[in-house]
Amino acid sequence: MVKEQATRVILVGVGGATCSGKTTLAKHLKNIIPDSVIIHQDDFAPPQELVPIHPVHNVQDWDAPQGAIQWDRLIDFLRTVKKTGIIPPEHYSHDHLNEQKDIPVEDAVKEKWRKEFELIKQRKSEEGVRIVWGLVDGFLLYWHPDVIAELDVKIFLRVPEATLKERRHQRHGYHTAVQTDPEGSLWRDPPTYWEDVVWPAYVEAHTDMFADGDIEHGEPTDKVKGVLVIAPVGRELGAIVDECCDVLRASEMT
Ligand SMILES: Nc1ncnc2c1ncn2[C@@H]1O[C@H](COP(=O)(O)OP(=O)(O)O)[C@@H](O)[C@H]1O
Ligand SMILES: [Mg+2]
């Protein structure tokens with residue numbers, strides 16, 4: 001008789017500012033790790049017509065933490081995935097509509113970790129456990145305490161503002177939800193949106209995560225216990241993937 005397997009879900013936060021490389025990294029990890037799924041926090045933004053208007057700049061504010069995410073919907077979703085180990089079939093993601101430039105990782109790194117995670121999977125299976133990795137990709141992962149509480153592993157990509165701004169300007173637009181159309185609509189940043197809206201909201205959401213509010217250089221505070229802060233700029237993506245996989249392997253042993 002085939003033994004019934006218990007599912008154990010490990011939720012892994014892949015956080016960081018807009019354009020810090022979260023989705024790129026999460027997709028590489030998904031590609032390497034068997035039984036992994038991605039949860040894009042962007043899919044929990046409100047439909048465009050419900051996005052709040054910035055009180056000073058009078059444009060829609062997609063970034064201020066209070067209004068940027070439908071928090072109850074996200075938290076329920078994370079809890080559901082943690083229980084079931086699957087993305088509910090009715091969940092619709094907008095991620096595939098967005099352009100994704102491929103930043104390659106060396107085959108040797110990918111192969112090494114594929115084998116390692118296959119071994120983990122086998123070993124767990126012999127213990128009667130199916131292990132599922134839920135990779136949660138989001139720019140506001142470490143703001144809401146109930147979201148932080150759901151994450152078993154916490155990774156944060158810290159990229160200097162100048163690089164983020166440059167990458168954001170190169171992005172031609174971003175697909176977002178609207179209530180009436182599953183394909184959503186394309187959002188383009190108005191001029192000075194970075195200075196007026198995106199960066200101040202990022203600072204607001206992250207100051208208490210770092211000592212002295214120094215988001216670019218400070219050590220992490222206790223707000224997000226155990227967070228792994230990675231500075232990817234100037235390093236090979238393969239080295240980042242390697243570091244993350246190492247942390248994931250260690251988390252599975254606890
Ligand atoms: N390690 C990297 N090195 C150079 N460019 C990168 C790297 N990771 C991502 N990028 C580029 O930065 C931009 C944003 O990446 P993306 O993964 O979509 O960020 P996010 O999901 O954090 O908004 C994309 O153009 C992507 O190709
Ligand atoms: Mg992304």
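Good morning. I shall begin with one residue, Lys223: apart from its neighbours within four places in sequence, Lys223 is in contact with Asp208 and Met209. Please bear in mind throughout that this is a predicted model.

Where does Lys223 lie? Its position is in the loop between helix H7, residues 193-206, and strand S7. Is Lys223 buried, exposed or partly exposed? There are 15 other C-beta atoms within 10 Å of Lys223, so the residue counts as partly exposed; a buried residue would need 20 or more, and an exposed one would have 12 or fewer. As for Gly15, which precedes Lys223 by 208 residues along the chain, the two C-alpha atoms are separated by 14 Å.

Let me turn to the sheet. Five strands make up an open sheet with parallel pairing, and their order is S2-S3-S1-S4-S7. Strand S2, residues 36-40, and strand S7, residues 228-230, occupy the edges; each has a single partner strand, and therefore one side of each has no neighbour in the sheet. From one strand to the next, the twist averages 20°.

Within this sheet, strand S1, residues 6-16, pairs with strand S3, residues 129-138, in the parallel sense, and the pairing runs over ten bridges. Gly13 stands opposite Val136 of S3.

Which helices accompany the sheet? Helix H3, residues 71-84, packs on the sheet and touches S1, S2 and S3, with its direction at about 145° to that of S1. Helix H8, residues 237-252, lies across S1, S3, S4 and S7, and runs at about 165° to S4, the strand of residues 153-157.

I come next to ligand 1. Which residues come nearest to this ligand? Of the 13 residues around ligand 1, they are Gly21, Lys22, Thr23, Thr24 and Lys101. Helix H1, residues 22-32, supplies three residues, the largest share of the shell. Sorted by class, the shell around ligand 1 contains six polar, four nonpolar and three charged residues.

Finally, the chain as a whole. There are eight helices and seven strands in the chain. The radius of gyration is 18 Å, close to the 18 Å given by the globule rule for 254 residues, so the chain is as compact as a globular protein of that length. The C-alpha trace spans about 65 × 40 × 35 Å along its principal axes. Of the 254 residues in the chain, 33% are buried. Among contacts with a separation of 6 or more, 77% are between residues 24 or more positions apart.

Thank you for your attention.

Conventions:
Residues numbered from 1 in each chain as written. Chains lettered and ligands numbered in written order. Predicted model: local features only at pLDDT ≥ 70, side-chain atom pairs only at ≥ 80, totals over all residues. Near = placed C-beta within 6 Å. Helix = DSSP H or I, 4+ residues; strand = E, 2+ residues; numbered from the N terminus. Nonpolar A, V, L, I, M, F, W, Y, C, P; charged D, E, K, R; others polar. Pairing = 2+ DSSP bridges. Axes fitted to C-alpha atoms, helices over the stretch in contact; angles between N-to-C directions. Contact = placed C-beta atoms within 7 Å. Rg over C-alpha atoms; globule rule 2.2 N^0.38 Å.
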